Amino acid sequence: MLDEIMLGRLVACHAGWEAVLAELSEAAGAGFVFRPGRKTAAAKNLISSWPARHRPHAGLPPLSARRLRSTWIVRLLAEGISPVVIASAAGMTSPAGLAPYHRWVPPLPGGEVVRLLRGHRR
């Protein structure tokens, strides 16, 4: 987890990235894991400027902080995470801000829909 006080919201690492993040954290020691050459803890545009500094290999589309964030939000919605939890982690004041992302969430299989409507949790 990242410092909730510094960010003003809770941000946790997805379990699929836990081992990689732990390894990078150990290698960084007392330094920064993300953008290790920086001088301040919370630089302006810290996240949004990262894609400009990291160009993908030839043939791959350029990275966009906005699209990376959208992909993260859609993946969480598709996993069935509560919209209230997602909105909070994304720094939104309300889950209503997630409405535009729902068009990209793949539909659930029919059996899963019936199971959920019958009262079973994911």
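In the predicted model, Gly37 is exposed, its relative accessible area being 61%, a value that falls in this class because exposed residues are those over 50%. Gly37 is found in the loop that runs between α2 (18–28) and α3 (50–53). Between the C-alpha atoms of Gly37 and Ala27, two residues that stand ten apart along the chain, the separation is 14 Å.

Helix α2 also contains Val20, which is partly exposed, with a relative accessible area of 40%; this value lies in between the limits of under 20% for buried residues and over 50% for exposed ones. Together with Trp17, Leu21, Leu24 and Val33, Val20 makes a nonpolar surface patch of about 460 Å².

Nonpolar residues are also found in the interior of the model, where the largest nonpolar core comprises ten residues, namely Ile73, Val74, Leu76, Leu77, Ile86, Ala87, Ala90, Met92, Leu98 and Tyr101. At least two residues of this core are supplied by each of the helices α4 (65–78) and α5 (83–89), and the largest share, amounting to four residues, comes from α4. In soluble globular proteins, nonpolar side chains tend to be buried together. Within this core, Leu76 and Ile86 are both members, and Leu76 touches Ile86 as well as Ile81 when residues up to four places away in sequence are not counted.

Conventions:
Residues numbered from 1 in each chain as written. Predicted model: local features only at pLDDT ≥ 70, side-chain atom pairs only at ≥ 80, totals over all residues. Heavy atoms only, no water. Core = buried A, V, L, I, M, F, W, Y, C linked by side-chain atoms within 4.5 Å. Buried < 20%, exposed > 50% of the residue type's maximum accessible area, 1.4 Å probe, protein only. Contact = heavy atoms within 4.5 Å. Patch = residues over 30% accessible without salt bridge, like charges linked within 9 Å, V, L, I, M, F, W, Y side chains within 5 Å. Areas by Shrake-Rupley, 256 points an atom, 1.4 Å probe, with all protein chains shown as cover. Salt bridge = Lys/Arg side-chain N within 4 Å of Asp/Glu carboxyl O.
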